[in-house]
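Q: Hey, I'm new to this one. Can you show it to me and then walk me through the side chains?

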Amino acid sequence: MKEKKCKNNKCMRVLPKGYKFDYCENCRNEQAKNVKNAGKGLLGIVGLVGGIAIAIITKKAPKA
Ligand SMILES: [Zn+2]
């Protein structure tokens with residue numbers, strides 16, 4: 001039987017027999033980290049856009 005290798009082309013680590021994931025433990029950890037970072041980045045963008053939107057709204061709003 002052909003041995004299974006990590007799908008990450010930079011990694012290509014041989015996966016243990018019966019391993020149920022396509023990526024090795026190390027790459028899976030990296031992916032989890034990336035997802036967290038992406039979430040943080042997204043939150044930052046939302047915060048930035050929200051801040052700009054508030055700035056525009058407050059500028060446009062007529063002062064009583
Ligand atoms: Zn890997």
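A: Sure, one term to begin with: buried means under 20% relative accessible area, exposed means over 50%, and partly exposed is in between (1.4 Å probe, protein chains only). By that rule Lys-33 is partly exposed, because its relative accessibility is 47%.

Q: Okay, and what kind of model is this?

A: This is a predicted model, where local features need pLDDT of at least 70, side-chain atom pairs count only at pLDDT 80 or more, and totals for chains, interfaces and linings use all residues. Residues are numbered from 1 along each chain as its sequence is written, and side-chain values use heavy atoms, with hydrogens and water left out.

Q: Back to Lys-33: which residue does Lys-33 form a salt bridge with?

A: Glu-30, with the closest N and O atoms 3.3 Å apart. A salt bridge here is a side-chain nitrogen of Lys or Arg within 4 Å of a carboxyl oxygen of Asp or Glu. Both residues sit in helix α1, three residues apart, about one turn of the helix. Helices (H or I, at least four residues) and strands (E, at least two) are DSSP runs, numbered from the N terminus. Glu-30 is partly exposed, because its relative accessible area is 37%.

Q: How many salt bridges does the count come to?

A: Three. Asp-22 takes part in a bridge with Lys-4, with 3.8 Å between the closest N and O atoms. Both lie in the segment before α1, so this pair ties together parts that are 18 residues apart in sequence. Asp-22 also meets Lys-7 in a salt bridge (3.8 Å, N to O). Lys-7 and Asp-22 are both in the segment before α1 too, so that pair ties together parts 15 residues apart in sequence.

Q: So which residues are linked in a network of salt bridges?

A: Lys-4, Lys-7 and Asp-22. Lys-7 is exposed, because its relative accessible area is 51%. Lys-4 counts as partly exposed at 35%, and Asp-22 counts as partly exposed at 34%.

Q: Switching topic, what are the protein donors of the zinc ion?

A: The SG atoms of Cys-6, Cys-11, Cys-24 and Cys-27, lying 2.2 to 2.3 Å from the zinc ion. Donors are N, O and S atoms within 2.8 Å of the metal (3.2 Å for Na, K and Ca), and water is not among the atoms, so sites may look incomplete. Along the chain, the donors follow the spacing C-x4-C-x12-C-x2-C.

Q: Why is the arrangement around the zinc ion called tetrahedral?

A: Because the four donor atoms subtend angles of 103 to 119°. Four donors count as tetrahedral if all angles lie between 85 and 135 degrees. For reference, the ideal angle for four tetrahedral donors is 109.5 degrees.

Q: Is Cys-27 buried or exposed? And what about Cys-11?

A: Cys-27 is buried, because its relative accessible area is 6%. Cys-11 counts as partly exposed at 24% relative accessibility.

Q: Which residues make up the largest nonpolar core?

A: Five of them: Cys-6, Leu-15, Tyr-19, Cys-24 and Cys-27. A nonpolar core is a set of buried Ala, Val, Leu, Ile, Met, Phe, Trp, Tyr and Cys residues joined through side-chain atoms within 4.5 Å.

Q: How many aromatic pairs are there?

A: One. Tyr-19 and Phe-21 pair edge-to-face, 5.8 Å centre to centre and 75° between the planes. Rings of Phe, Tyr and Trp (its six-membered ring) pair if their centres lie within 6.5 Å; planes under 30 degrees apart count as stacked, over 60 as edge-to-face and the rest as tilted. Tyr-19 counts as buried at 16% relative accessibility, while Phe-21 is partly exposed at 31%.

How values were computed: Tetrahedral: all angles 85-135°; square planar, octahedral: opposite > 155°, others 65-115°.
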